[in-house]
Amino acid sequence: MMQAHALVMPDFNTWWPPAAAAIGGLVVGVLVRRTVLTWLARLAAKSAWRFDDVLIASINGPVVIWFVLLGLRLAVRMMPLTDAADHTIGTIILIVGILSVTWALARFTARMLKIVASHRLPNVSLLANLSQVIVFSIGVLIIFDTMGLHIGAVLGALGIGGLAVGLALQDTLANFFAGLRIIAAHTIRSGDHVKLETGQEGVIEDISWGLTTVREGAGNMIIVPNSRLGTMIVINYALPAAAQNVTVDLGVGYDADLDQVEKVVLDVARETLRSVPEGMPDFIPALRFKEFGEYSIKFFVVLQAKSQGDRWAVVSDFIKRLHRRFEKEGILIPLPHRVVVTRSGDPKPENPPASPASR
């Protein structure tokens with residue numbers, strides 16, 4: 001006679017508290033993110049210390065994960081599991097928690113470096129990316145230690161694997177270390193106006209893992225490998241100072257009073273530097289006559305702009321002001337001309353001599 005087996009149904013009283021704990025962790029995390037963090041973000045926006053804004057922005061995403069993991073851990077504690085199962089699930093939850101904390105720290109470090117970079121260091125993504133790699137590497141090592149793996153053996157295996165990867169990625173690593181060398185030298189920085197030995201000129205936009213981007217005046221992007229940039233000759237117009245002297249070549253007629261010309265030109269130059277936002281108001285302009293030209297006396301004026309990119313605005317305003325002032329003072333800027341002298345009165349021979357060929 002066969003014995004009927006009764007179908008075992010799960011006990012509702014046993015399973016609803018763990019389920020409520022898991023769902024409650026998610027609900028609490030979302031509420032904390034939308035209420036507490038929003039309130040803290042408003043307070044941080046009013047404070048002068050900028051790192052509190054970075055901290056709140058960095059934990060804005062992971063905070064929900066933390067409360068979910070807390071709810072799951074409570075749920076596991078309430079469930080009728082064996083010690084082995086409880087330990088395994090608890091380890092998985094701990095590993096996910098370490099990863100989420102590492103994620104938050106990496107975001108905080110990268111954003112903090114960007115703030116510091118705007119004052120003391122070059123504002124490049126390479127520093128932020130490198131900091132994130134270091135933080136994640138530390139987090140992975142902590143996870144290995146949590147799992148009971150010997151860190152020394154893991155580092156040895158990573159060293160052998162890293163050697164093989166390094167041989168396969170020689171060019172990539174060369175660009176990476178060249179980028180680090182460029183940053184450490186502090187001679188090429190983001191925002192600097194540079195001219196490459198190949199002739200291109202523009203502003204350094206970013207120094208990333210392997211490439212440096214330069215934005216031309218027309219808006220085009222020049223992409224230069226870091227290893228190439230580290231070996232070429234580069235003119236950095238932002239060093240030792242961003243201010244740039246600007247030379248303007250001019251000329252006046254031979255009948256002009258040169259003392260008056262000098263006074264008028266220097267007055268206009270000082271007025272331009274004080275009025276134009278791109279000019280350096282404290283700079284003392286200079287004028288030097290340099291040569292007698294074919295149709296004018298040539299001279300040059302030295303002005304100063306705040307940066308290499310501002311020089312054209314200064315020159316343009318100076319030329320317009322000087323043209324109006326010259327018209328007012330009656331000073332002429334001569335046009336190119338040539339004087340042709342012809343002789344008159346010479347007798348014209350009636351019978352020109354025959355050529356040797358006609359004889």
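Visitor: Which helix gives the most to the nonpolar patch?
Guide: Happy to start there, keeping in mind that this is a predicted model. The patch covers about 400 Å² of surface and is made by Ile65, Ile92, Val96, Trp103 and Phe136. One helix, residues 83–117, supplies three residues, and that is the largest contribution: helix 4.

Visitor: Is Ile92 buried, partly exposed or exposed?
Guide: Ile92 lies in helix 4, and it is one of the residues that make the nonpolar patch. Its relative accessible area is 49%. Exposed would need over 50% and buried under 20%, so Ile92 counts as partly exposed.

Visitor: What is the order of the strands in the three-stranded open sheet?
Guide: Strand 6 (residues 244–252) and strand 8 pair in the antiparallel sense over nine bridges. Strand 7 (residues 286–292) is joined to strand 8 by six bridges, and these two also run antiparallel. The open sheet therefore has antiparallel pairing and the order 6-8-7.

Visitor: Which strands are at the edges of that sheet, and what is its average twist?
Guide: In the order 6-8-7, strand 6 and strand 7 each pair on one side only, which makes them the edge strands. From one strand to the next, the twist averages 25 degrees.

Visitor: Why is strand 8 described as largely enclosed by the rest of the structure?
Guide: Strand 8 spans residues 297–305, nine residues in total. A residue is buried when its relative accessible area is under 20%. Strand 8 is largely enclosed because the number of its residues that are buried is seven of the nine.

Visitor: Which residue of strand 8 is the bridge partner of Leu250?
Guide: Strand 8 has bridges to strand 6 and to strand 7. On the strand 7 side, Glu291 has Lys298 as its partner, and Ala286 has Val302. For Leu250, the bridge partner in strand 8 is Phe299.

Visitor: How many residues does the hairpin between strand 7 and strand 8 run through?
Guide: These two strands are antiparallel and share six bridges. A hairpin joins strand 7 to strand 8, and the number of residues it passes through is four.

Visitor: What is the order of the strands in the five-stranded open sheet?
Guide: One pairing in this part of the model is that of strand 2 (residues 201–207) with strand 3 (residues 211–215), antiparallel over four bridges. Within strand 3, Thr213 is the bridge partner of Asp206. The open sheet of five strands has antiparallel pairing and the order 4-3-2-1-5.

Visitor: Which strands of this five-stranded sheet stand at the edges?
Guide: The order is 4-3-2-1-5. An edge strand here has a single partner strand, so one side of it is left without a neighbour in the sheet. The twist averages 40 degrees from one strand to the next. The strands at the edges are strand 4 (221–225) and strand 5.

Visitor: Where is the cis peptide bond that involves Pro240?
Guide: Most peptide bonds are trans. Pro240 is found in the loop between strand 5 (234–236) and strand 6. With omega near 0 degrees, the cis bond runs from Leu239 to Pro240.

Visitor: Is the aromatic pair of Phe176 and Phe177 stacked or edge-to-face?
Guide: The structure holds three aromatic pairs. In this one, the ring centres are 5.2 Å apart and the planes meet at 70 degrees. Planes over 60 degrees apart count as edge-to-face, so the pair of Phe176 and Phe177 is edge-to-face.

Visitor: How many residues apart are Tyr254 and Phe292?
Guide: Tyr254 and Phe292 form a stacked aromatic pair, with 6.0 Å centre to centre and 10 degrees between the planes. Tyr254 is in the loop between strand 6 and helix 9 (258–275), while Phe292 is in strand 7. The pair links distant parts of the chain, and the separation is 38 residues.

Visitor: Is Phe292 buried or exposed?
Guide: Its ring partner Tyr254 counts as partly exposed at 44% relative accessibility. Phe292 has a relative accessible area of 65%, and it is exposed.

Visitor: What is the C-alpha to C-alpha distance between Arg50 and Met112?
Guide: Arg50 sits in the loop between helix 1 (12–46) and helix 2 (51–59), and at 44% relative accessibility it counts as partly exposed. Arg50 and Met112 are 62 residues apart in sequence, and their distance in space, C-alpha to C-alpha, is 8.8 Å.

How values were computed: Residues are numbered from 1 along each chain as its sequence is written. This is a predicted model: local features need pLDDT of at least 70, side-chain atom pairs count only at pLDDT 80 or more; totals for chains, interfaces and linings use all residues. Side-chain values use heavy atoms; hydrogens and water are left out. Patches are made of residues with over 30% relative accessible area and no salt bridge: like charges are joined within 9 Å, nonpolar side chains (Val, Leu, Ile, Met, Phe, Trp, Tyr) within 5 Å. Accessible areas come from the Shrake-Rupley method with a 1.4 Å probe; for residues, only the protein chains shown count as cover. A salt bridge is a side-chain nitrogen of Lys or Arg within 4 Å of a carboxyl oxygen of Asp or Glu. Buried means under 20% relative accessible area, exposed over 50%, partly exposed in between (1.4 Å probe, protein chains only). Rings of Phe, Tyr and Trp (its six-membered ring) pair if their centres lie within 6.5 Å; planes under 30 degrees apart count as stacked, over 60 as edge-to-face and the rest as tilted. Axes are lines fitted to C-alpha atoms, for helices over the stretch in contact, and angles run from 0 to 180 degrees between N-to-C directions.
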